[in-house]
Amino acid sequence: MGRVTERRRVVRIRGGVAGTRPDTLVAEEPLEIRLNGKPLAITMRTPGDDFALAVGFLVSEGVLASAAEVRAVTYCEGAAEDGSNTYNVVNVQLAPGVPVPDISLERNVYTTSSCGLCGKASLDAVRTATRFAGIAADPVRVSAALLGQLPDRLRAAQKVFDRTGGLHAAGLFTAEGELLDVREDVGRHNAVDKIVGRALRAGRLPLGGGVLLVSGRASFELAQKAVMAGIPVLAAVSAPSSLAVDLALETGLTLIGFLRGPDMNIYAGEERVTL
């Protein structure tokens with residue numbers, strides 16, 4: 001199993017004086033996700049919670065909606081040329097009777113830590129219908145004052161970021177501000193998949209009444225993952241994309257950007273935010 005962090009030599013210049021020292025970096029390694037033994041996707045991720053990442057990804061792809069639909073999740077032996085286990089290939093075996101999607105070129109995608117899903121044939125192919133009831137009817141309400149506190153709470157829970165300064169994070173909160181789960185990864189989308197996957201494996205999907213907070217921006221993909229997991233509120237410390245706003249308006253997702261202390265922009269679903 002890969003390490004979350006690695007040590008590297010660095011030349012550090014401070015006050016015009018150069019010196020060498022070891023530095024702690026976040027680890028980044030490829031993870032191949034297979035479905036019933038067939039390659040489906042590759043993501044660049046921080047090792048850890050790989051099984052949750054794999055099943056969380058399959059939730060966002062509309063393949064899974066409950067733990068009962070998973071027969072087994074395993075690392076693939078023989079992934080390396082010498083037959084050893086690299087712990088960088090995970091196979092998700094579906095339970096008997098669970099429909100297997102068509103793993104065509106449209107579904108065989110490459111994921112990177114920076115951009116998320118790439119190579120989709122069209123926007124319609126990305127707008128996967130959620131397996132849960134629409135989130136538009138979720139009655140959750142959250143105060144603007146509480147939302148303003150969440151970035152600091154998320155930051156305080158980022159243990160690996162403290163050592164590396166190089167990780168994104170996603171946190172799942174209740175409407176009362178309780179932190180239910182937090183995951184760190186080089187990719188925001190991976191951190192969200194790990195949260196969703198952990199919830200699926202614990203039998204807690206859909207995540208109604210939840211608030212998902214992500215570091216950085218809110219892309220279309222992150223909005224889609226929130227919708228697919230049944231999360232009614234998505235907040236980001238930076239800007240959303242135009243497609244993320246479009247999807248939020250279509251699905252009833254509350255989308256908040258530039259969440260910095262008491263200040264924020266609400267791009268959709270403002271009725272859930274109370275003053």
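Which glycine follows α1, and what is the sign of its phi? It's glycine 62, and its phi is positive, near 80 degrees.

Okay, some ground rules before we go on. What we have here is a predicted model, where local features need pLDDT of at least 70 and side-chain atom pairs count only at pLDDT 80 or more, while totals for chains, interfaces and linings use all residues. Residues are numbered from 1 along each chain as its sequence is written, and side-chain values use heavy atoms, with hydrogens and water left out.

Let's stay with α1. When I say helix, I mean a DSSP run of H or I with at least four residues; a strand is a run of E with at least two, and both are numbered from the N terminus. "Buried" is under 20% relative accessible area, "exposed" is over 50%, and "partly exposed" is in between, using a 1.4 Å probe and protein chains only. Helix α1 covers residues 50-60, and 10 of its 11 residues are buried, so the rest of the structure largely encloses it. Among the buried ones are Leu53, Val55, Phe57 and Leu58.

Phenylalanine 51, also in α1, is partly exposed, because its relative accessible area is 22%. That brings us to the rings. Rings of Phe, Tyr and Trp (for Trp, the six-membered ring) pair if their centres lie within 6.5 Å; planes under 30 degrees apart are stacked, over 60 edge-to-face, and the rest tilted. The whole structure has 2 aromatic pairs. One joins phenylalanine 51 to tyrosine 75: it's tilted, at 4.8 Å centre to centre with 45 degrees between the planes. Phenylalanine 51 is in helix α1 and tyrosine 75 is in strand β5 (residues 70-75), so this pair ties together parts 24 residues apart in sequence.

Tyrosine 75 itself counts as buried, because its relative accessibility is 19%. It also pairs with tyrosine 87, edge-to-face this time, at 5.0 Å centre to centre and 75 degrees between the planes. Tyrosine 87 sits in the loop between β5 and β6 (89-94), so that pair links parts 12 residues apart in sequence. Put together, Phe51, Tyr75 and Tyr87 make a cluster through their ring pairs.

Now back up the chain a little. Threonine 46 is in the loop between β4 (38-45) and α1. Is threonine 46 buried or exposed? Buried, because its relative accessibility is 2%. Its side chain reaches the backbone oxygen of alanine 27 at 3.3 Å. Contact, by the way, means heavy atoms within 4.5 Å. Setting aside neighbours within four places in sequence, threonine 46 is in contact with residues including Val4, Leu167, Asp185 and Lys194.

Next up, helix α7, residues 242-251. Ala244, Val245, Leu247 and Ala248 are buried there. They cover an arc of only 165 degrees around the axis (taken from the directions from the helix axis to the C-beta atoms), which puts them on the same side of α7. On the other side, Ser242, Leu249 and Glu250 are exposed. The cover over the buried residues includes α6 (220-228), β14 (254-260) and β15 (263-268).

Last thing: the cores. A nonpolar core is a set of buried Ala, Val, Leu, Ile, Met, Phe, Trp, Tyr and Cys residues joined through side-chain atoms within 4.5 Å. The largest has 53 residues, and Leu64, Leu205, Leu212 and Leu234 touch the most other members. A second, separate core of 20 residues includes Leu154, Ala169, Ala235 and Ile256.

Technical notes: Polar contact = N/O pair within 3.5 Å; in protein donor to acceptor, adjacent residues only side chain to side chain.
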